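This report describes one protein model for a reader who is new to structural biology. Please keep the sequence and the structure in view while reading.

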Amino acid sequence: MARVLVVDDDHTVREVVISYLRAGGHDVAEAADGETALRIMRDEPADLVVLDLMLPGIDGLEVCRRLRTQGDVPVIMLTALGAETDRVVGLERGADDYVTKPFSPRELVLRVDSVLRRAGERSAPPAATVVDGDLVVDSARHVAVLGDRDLVLTSREFDLLRFLVAHPGHAYSRDQLLQEVWGWSFGDHSTVTVHVRRLREKVEDDPTKPTRLVTVWGVGYRWDPQTIGATA
């Protein structure tokens, strides 16, 4: 059983989401605004946050940003249907997933379970280090180092980097990456696109001319290694 914080200023939405999450076996807390959500996360941290973008006072994007400065608690954002810009910005702020309104409560619970499962896998990663030239990805410590600096990555960016570096030279479609990294059997390809762009900004000398995380036109993406080595 996980503790989930539901943040939405619509009382009806909160009631429905909370009832489905509790039926799914989760302990649920609730907040109607950003300030309350941040206070709850400070005093009684949740394992996952379901976060509406449109909140009174501190909006959902700012709440997500502040949560990311405090740790890597998984965040699922609730966005308005068709608000692609909001979804992209939410992912760029570090959200792990998003669900568009109106949504199926059952789908949301499935997304919650999927994100929690992936978070659990991250908490006990395989004790292996992969080296690619001046890049070191340490799964045991959940740390990535490029040259002489630690990379500041969200949990999902780290997952994507770890997966690609561990499978050099293999081209993956966006659907395959959604399945392998996010654990989704379906989803919006923009999720992958945004994370690839952010990852390039952190691992490439020139993100506009990537040499490591390259685009394979008509397929998806491939990691082109400099050198590869691994130790258990």
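Buried residues, meaning those under 20% relative accessible area, make up 51% of the 232 residues in the protein chain. Residues over 50% count as exposed and those in between as partly exposed, with a 1.4 Å probe and protein chains only. The model is predicted, and local features need pLDDT of at least 70, side-chain atom pairs count only at pLDDT 80 or more, while totals for chains, interfaces and linings use all residues. Residues are numbered from 1 along each chain as its sequence is written, and side-chain values use heavy atoms, with hydrogens and water left out.

## Overall organisation

The protein chain has eight helices and 13 strands. These elements are DSSP runs numbered from the N terminus: helices are H or I runs of at least four residues, and strands are E runs of at least two. A contact means heavy atoms within 4.5 Å. Of the contacts in the protein chain with a separation of 6 or more, 58% are between residues 24 or more positions apart. The chain exposes about 10,900 Å², and carbon and sulfur atoms supply 51% of that area. Accessible areas come from the Shrake-Rupley method with a 1.4 Å probe, and for residues only the protein chains shown count as cover.

## Helix 3 and its two faces

Helix 3 comprises residues 60–70, and Gly 60, Leu 61, Val 63, Cys 64, Leu 67 and Arg 68 are buried in it. These residues lie on the same side of helix 3 because they cover an arc of only 160° around the axis; the arc is that of the directions from the helix axis to the C-beta atoms. The face turned away from the buried side of helix 3 carries the exposed residues Thr 69 and Gln 70. A general rule is useful here: an α-helix has 3.6 residues a turn, so residues three or four places apart point the same way.

## Selected buried residues

The table lists four buried residues and a partner of each, with the C-alpha to C-alpha distance.

| Residue | Relative accessible area | Partner | C-alpha distance |
|---|---|---|---|
| Leu 78 | 0% | Met 54 | 8.7 Å |
| Thr 36 | 19% | Ile 58 | 9.8 Å |
| Arg 118 | 17% | Ser 155 | 9.8 Å |
| Arg 200 | 12% | Arg 212 | 8.3 Å |

Leu 78 is found in strand 4, which spans residues 75–80. Leaving aside residues up to four places away in sequence, Leu 78 touches nine-residue company that is listed here in full: Asp 8, Val 50, Leu 51, Asp 52, Leu 53, Val 99, Lys 101, Phe 103 and Leu 108. Thr 36 lies in helix 2 (residues 34–43).

Two arginines complete the table. Arg 118 has its place in helix 5, and beyond residues up to four places away in sequence it touches Arg 156, Glu 180, Val 181, Trp 182 and Gly 183. Arg 200 belongs to helix 8 (residues 190–203). With the same exclusion of residues up to four places away in sequence, Arg 200 touches Pro 207, Pro 210, Leu 213, Val 214, Thr 215 and Tyr 221.

## Backbone features

Which two residues does a cis peptide bond join? The bond lies between Lys 101 and Pro 102, and its omega is about -5°. Pro 102 is in the loop between strand 5 (97–101) and helix 5 (105–123). His 142, in the loop between strand 7 (135–138) and strand 8, has a phi near 55°, a positive value in a residue other than glycine. Most residues other than glycine have a negative phi, and most peptide bonds are trans. At 25% relative accessibility, His 142 counts as partly exposed.

## The second largest pocket

His 142 is also one of the residues that line the second largest pocket. The other lining residues are Asp 72, Val 143, Ala 144, Asp 150, Leu 151, Val 152, Leu 153, Thr 154, Ser 155 and Phe 158. On a 1 Å grid over the protein atoms alone, a pocket is an open set of points where a 1.4 Å probe fits, with protein on both sides within 12 Å along at least five of seven lines, and lining residues have an atom within 4 Å of a point. The volume of the second largest pocket is about 160 Å³; a volume is the space filled by probe spheres set on the points, which are joined across faces, edges and corners.

Strand 8 (143–146) and helix 6 (155–166) each supply at least two residues of this lining. By class, the lining has six nonpolar, three polar and two charged residues. Here Ala, Val, Leu, Ile, Met, Phe, Trp, Tyr, Cys and Pro count as nonpolar, Asp, Glu, Lys and Arg as charged, and the others, Gly among them, as polar.
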